Amino acid sequence: MLGIIWGIIVILFVVWLIGIIFHIAGGLINILLVVILILIIWNLIQSARGRRNR
């Protein structure tokens, strides 16, 4: 599951960079950036819980 989350994060980050460089879909890019941040925070919380439960 962790690999899928990081894959999504990387794909969204690349799409965000392409949008910034070529000025495509301004509002959509900001939404993708928020999704990336939420996924990163979620991943950090899940990994911290996993370490605590061991």
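Which residues make the nonpolar surface patch of about 730 Å²? In this predicted model, the patch is formed by Val-10, Phe-13, Val-14, Leu-17, Ile-18, Ile-21, Phe-22 and Ile-24. One of these residues, Phe-13, belongs to helix 1, which covers residues 2–22. Phe-13 has a relative accessible area of 38%, and it is therefore classed as partly exposed, because that class lies between the 20% limit for buried and the 50% limit for exposed.

The patch can now be placed in the whole chain. The protein has two helices and zero strands. Of its 54 residues, 19% count as buried. The exposed area comes to about 4,300 Å², and 77% of that is supplied by carbon and sulfur atoms.

Next comes the interior. The largest nonpolar core consists of six residues, namely Ile-5, Ile-9, Leu-12, Leu-32, Ile-36 and Leu-39. Helix 1 and helix 2 (26–52) are the elements that each give two or more residues to this core. In soluble globular proteins, nonpolar side chains tend to be buried together.

Ile-36 links the core to the patch described above: leaving aside neighbours within four places in sequence, Ile-36 is in contact with Ile-9, Leu-12 and Phe-13. Of these, Ile-9 and Leu-12 are listed in the core, while Phe-13 is listed in the surface patch.

A last residue to look at is Asn-43, in helix 2. Asn-43 has a relative accessible area of 4%, so it is buried, since the limit for buried is under 20%. Asn-43 and the core residue Ile-5 are 38 residues apart in sequence, and their C-alpha atoms are 7.6 Å apart in space.

Key: Residues numbered from 1 in each chain as written. Predicted model: local features only at pLDDT ≥ 70, side-chain atom pairs only at ≥ 80, totals over all residues. Heavy atoms only, no water. Patch = residues over 30% accessible without salt bridge, like charges linked within 9 Å, V, L, I, M, F, W, Y side chains within 5 Å. Areas by Shrake-Rupley, 256 points an atom, 1.4 Å probe, with all protein chains shown as cover. Salt bridge = Lys/Arg side-chain N within 4 Å of Asp/Glu carboxyl O. Helix = DSSP H or I, 4+ residues; strand = E, 2+ residues; numbered from the N terminus. Buried < 20%, exposed > 50% of the residue type's maximum accessible area, 1.4 Å probe, protein only. Core = buried A, V, L, I, M, F, W, Y, C linked by side-chain atoms within 4.5 Å. Contact = heavy atoms within 4.5 Å.
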